[in-house]
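Student: Please take me slowly through one part of this model, and set it in the context of the whole chain before you go into detail.

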Amino acid sequence: MILAAWVFAGTARAELQPSINLRGFFPPPGPKGMLYLESVNASGHLQFNTSGWLSWAYRPLVVRQQGRIIAALVQHQTSLDLAGAVGLGKRLELGLVLPVVLHQSGDRSSITDQVLEGSRIPAQAIGDATLALKATLRPVDEEFGGIGLALVGRMGVPTGSRTSMLGEGALTSEIRALAEFRILAASILAT
């Protein structure tokens with residue numbers, strides 16, 4: 001599998017178009033996730049969940065000259081992040097997030113042609129898929145609360161078009177530590 005990812009990533013790097021992922025938003029695939037924060041507890045053995053996150057951005061990528069916007073490479077972008085996760089045992093959770101551009105548009109000018117090397121951003125596209133694995137080190141008691149800790153590893157796979165503004169063109173990764181303190185219905189989460 002690693003060999004296949006390396007070969008796929010190598011072919012993606014051969015493209016001439018710019019490679020950029022405009023999104024700083026990476027939704028958690030598991031239940032009880034809130035934008036970027038998530039619970040330390042895994043879903044539970046073979047419990048499966050799905051979610052969708054709809055977002056819209058106005059001018060996420062522009063060209064400026066002397067502080068003035070002279071071209072919007074991406075003027076409007078509406079996207080949907082499809083997410084799902086399944087619990088593996090009591091302390092592991094495997095998740096997948098796939099961003100999809102429902103619609104995007106941008107200016108067409110000599111400046112955008114130069115920056116995008118003559119290509120156009122696609123109106124619809126699929127972005128880089130992200131695999132996530134959460135390992136709960138210390139679960140939080142569901143009834144009474146307490147302190148919990150977990151680690152989350154995420155790996156972005158170059159499945160998206162590099163001209164879609166959702167594709168890196170290479171493997172990406174991150175590891176985060178999660179902490180949670182809960183007393184009955186009140187929680188404090190940290191990443």
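Student: How much area does the protein chain expose, and what share of it do carbon and sulfur atoms supply? After that, please look closely at the second largest cavity.

Tutor: The model is predicted, so that local features need pLDDT of at least 70 and side-chain atom pairs count only at pLDDT 80 or more, while totals for chains, interfaces and linings use all residues. Residues are numbered from 1 along each chain as its sequence is written, and side-chain values use heavy atoms, with hydrogens and water left out.

The protein chain exposes about 10,600 Å², of which carbon and sulfur atoms supply 65% (areas by the Shrake-Rupley method with a 1.4 Å probe). Of its 191 residues, 38% count as buried, that is, under 20% relative accessible area. Its secondary structure comes to two helices and 10 strands (DSSP runs of H or I over at least four residues, and of E over at least two, numbered from the N terminus), and from the N terminus on the elements run α-β-β-β-β-α-β-β-β-β-β-β.

A search of the whole structure finds two cavities of 30 Å³ or more, a cavity being a set of points on a 1 Å grid where a 1.4 Å probe fits but cannot get out. The largest has a volume of about 50 Å³, and the second largest, the one you asked about, has a volume of about 40 Å³, where volume is the space filled by probe spheres set on the points.

The second largest cavity is lined by Pro29, Glu38, Glu93, Leu94, Gly95, Ala132, Leu133, Lys134 and Val152, each with an atom within 4 Å of a point. The elements that give two or more residues to this lining are β4 (92–105) and β6 (129–138). By class, the lining has five nonpolar, one polar and three charged residues; Asp, Glu, Lys and Arg count as charged, Ala, Val, Leu, Ile, Met, Phe, Trp, Tyr, Cys and Pro as nonpolar, and the others, Gly among them, as polar.

Strand β6 also holds Thr130, which is buried because its relative accessible area is 11%. Leaving aside neighbours within four places in sequence, Thr130 is in contact with Gly95, Leu96, Val97, Arg154, Met155 and Gly156 (heavy atoms within 4.5 Å). Gly95, one of these partners, is also among the residues that line the second largest cavity.

Methods:
On a 1 Å grid over the protein atoms alone, a cavity is a set of points where a 1.4 Å probe fits but cannot get out, and a pocket is an open set with protein on both sides within 12 Å along at least five of seven lines; lining residues have an atom within 4 Å of a point. Buried means under 20% relative accessible area, exposed over 50%, partly exposed in between (1.4 Å probe, protein chains only).
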